[in-house]
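Please find below some comments on the model, set out as numbered points. They are meant to be read next to the coordinates.

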Amino acid sequence: MAQITISDLQKRYDNVEVLRHINLTIKDGEFVVLVGPSGCGKSTLLRTIAGLELATAGDIHIGTRLMNQVAPKDRDISMVFQSYALYPHMTVARNMGFSLEVQKRPKAEIDAAVNKAADILGLTALLHRRPKELSGGQRQRVAMGRAIVREPQVFLFDEPLSNLDAQLRGQMRIEIKSLHQRMRNTIVYVTHDQVEAMTLADRIVVLNHGLIQQVGTPLELYDTPANKFVASFIGSPSMNFIDGTIEMGDSAPQLRINPTLTLPVDPSITGLQSGAKVIYGVRPEAIVLCTPDAPGALPLDVTLIEPTGLSELIHGTLGGEKLSVYSMVRSGAAPGDRVWVTIDTGRVQVFEGGSQRRLAKQGEN
């Protein structure tokens, strides 16, 4: 049983609170990603689970065992760091099996464990090479293999892909996800890259200023963010935000952003009040290019185009407010042009102006 239970965990350095009242349960076999901006506490939380940092207050259980005073080597965990930390004079095979050598395991047992891990990670043909003869992606796989041979209850990954280029990061994400599907160990993974979080996680934990902002599946966080911070951090490109005032019309609510322009608001959003100052949120992919005479057409003055080949990201201003549109259709527009767009009202989110809490929609739990 490798469930991790964290209860009212706190961590302070002198008067600086790094982790504040963290309560989290990571289920046996679950892949949980800790995500947030630099300084949010995600690596400190991981290191506290590992025992490399001691909690100021609170408890950590792995399975039924209280880990507060247990040394890292006795917690039955393996860590993979941003740095590969391979021994340069050792072969791949020895790097992977060295922890078992230290434990004085029989050579046949070590060889079997190394060969099994090498087969899982596609390293069998590289076992006799040294680290200098490997690519960055291969070195990271060796670091993962070193963790696998110990057969731990829990894997802890601390931004393991940060040193790799974009193509290698994509490949390694696939390998890590496949590894989890094959082994079903509990994994806690730290990253600042929300794309990694979305593609890898069973559940994501979003942290900011040492507090958990929201815990949920990738799609739960994407579709129903708890607040503006989560909405801004999850999703690429990021959600558009526009400040305005709610007007409750005879037919449907609207957002007034200037004296001449309003934006549509989803009528299923609860708690709307006329005159309330709110933050209007809409993702770039929920905005569609249209013709000027289309129902609900809005004028967007283009300031920048980011083409990717498959799609383009159109940046512009709408009523003086910045707005980005993710389009799978090539607009042919250039900076200075005007294009017309419509907003998918059902995908609009509204956040309270003060607390920045998202207003729920009818039927949400």
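1. Is Arg 141 buried or exposed? In this predicted model, Arg 141 has a relative accessibility of 14% and therefore counts as buried, the cut-off being under 20%. The residue belongs to helix H4, which covers residues 136–148. Leaving aside residues up to four places away in sequence, Arg 141 is in contact with Leu 121, Gly 122, Leu 123, Met 172 and Glu 175. Lys 42 is 99 residues from Arg 141 in sequence, and the C-alpha atoms of the two are 23 Å apart in space.

2. The annotation comes next. The UniProt record, an unreviewed entry, gives residues 4–234 the feature "domain: ABC transporter". Over that range, 37% of the chain is helix and 26% is strand. The C-alpha atoms at the two ends of the range lie 24 Å apart.

3. One sheet deserves a description. It is an open sheet of 5 strands, in the order E15-E19-E16-E17-E18, and the pairing is antiparallel. At the edges are strand E15 (287–290) and strand E18 (321–327), each of which pairs on one side only. From one strand to the next, the twist averages 45°.

4. The pairing of E17 with E18 can be given in more detail. Strand E17 spans residues 312–318 and pairs with E18 in the antiparallel sense, over 7 bridges. As an example, His 315 has Ser 324 of E18 as its bridge partner. In general, the strands of a sheet pair through backbone hydrogen bonds, either parallel or antiparallel.

5. Salt bridges: how many does the count come to? The count comes to 14 salt bridges. One of them links Arg 94 and Glu 101, with an N to O distance of 3.0 Å. Arg 94 is partly exposed at 36% relative accessibility, and Glu 101 is also partly exposed, at 32%. Elsewhere, Lys 11, Arg 47 and Glu 53 are joined into one network by salt bridges that share partners.

6. Two further salt bridges can be checked by eye. Asp 74 is bridged to Lys 73, where the closest N and O atoms are 3.4 Å apart. Lys 73 counts as exposed because its relative accessibility is 64%, over the 50% cut-off, whereas Asp 74 is partly exposed at 37%. Glu 17 is bridged to Arg 12, and here the closest N and O atoms are 3.9 Å apart. That pair qualifies because the rule accepts a nitrogen within 4 Å of a carboxyl oxygen. Glu 17 has a relative accessible area of 37% and is partly exposed; Arg 12, at 36%, is partly exposed too.

7. Which residues are joined by a cis peptide bond? The bond is between Ser 236 and Pro 237, and its omega is about 0°. Pro 237 sits in the loop that runs between helix H8 (228–233) and strand E11 (240–248). A reader checking the backbone may wish to look at this loop.

8. Positive phi values are the next item. His 21, a residue other than glycine, has a phi near 50°. His 21 lies in strand E2, residues 16–26, and is partly exposed, with a relative accessible area of 46%.

9. Glu 159 is likewise not a glycine, and its phi is positive, at about 45°. Glu 159 is placed in the loop between strand E7 (154–158) and helix H5 (166–183). With a relative accessible area of 15%, Glu 159 falls under the 20% cut-off and so counts as buried.

10. Last, the cysteines. How many disulfides does the structure hold? The structure holds 0 disulfides. Cys 40 is buried, its relative accessible area being 1%. Cys 290 has a relative accessible area of 22% and is therefore partly exposed, since the buried class is limited to values under 20%.

Terms used. Residues numbered from 1 in each chain as written. Predicted model: local features only at pLDDT ≥ 70, side-chain atom pairs only at ≥ 80, totals over all residues. Heavy atoms only, no water. Pairing = 2+ DSSP bridges. Helix = DSSP H or I, 4+ residues; strand = E, 2+ residues; numbered from the N terminus. Axes fitted to C-alpha atoms, helices over the stretch in contact; angles between N-to-C directions. UniProt positions renumbered as here; feature names shortened; annotations may be inferred. Buried < 20%, exposed > 50% of the residue type's maximum accessible area, 1.4 Å probe, protein only. Contact = heavy atoms within 4.5 Å. Salt bridge = Lys/Arg side-chain N within 4 Å of Asp/Glu carboxyl O. Disulfide = S-S within 2.5 Å.
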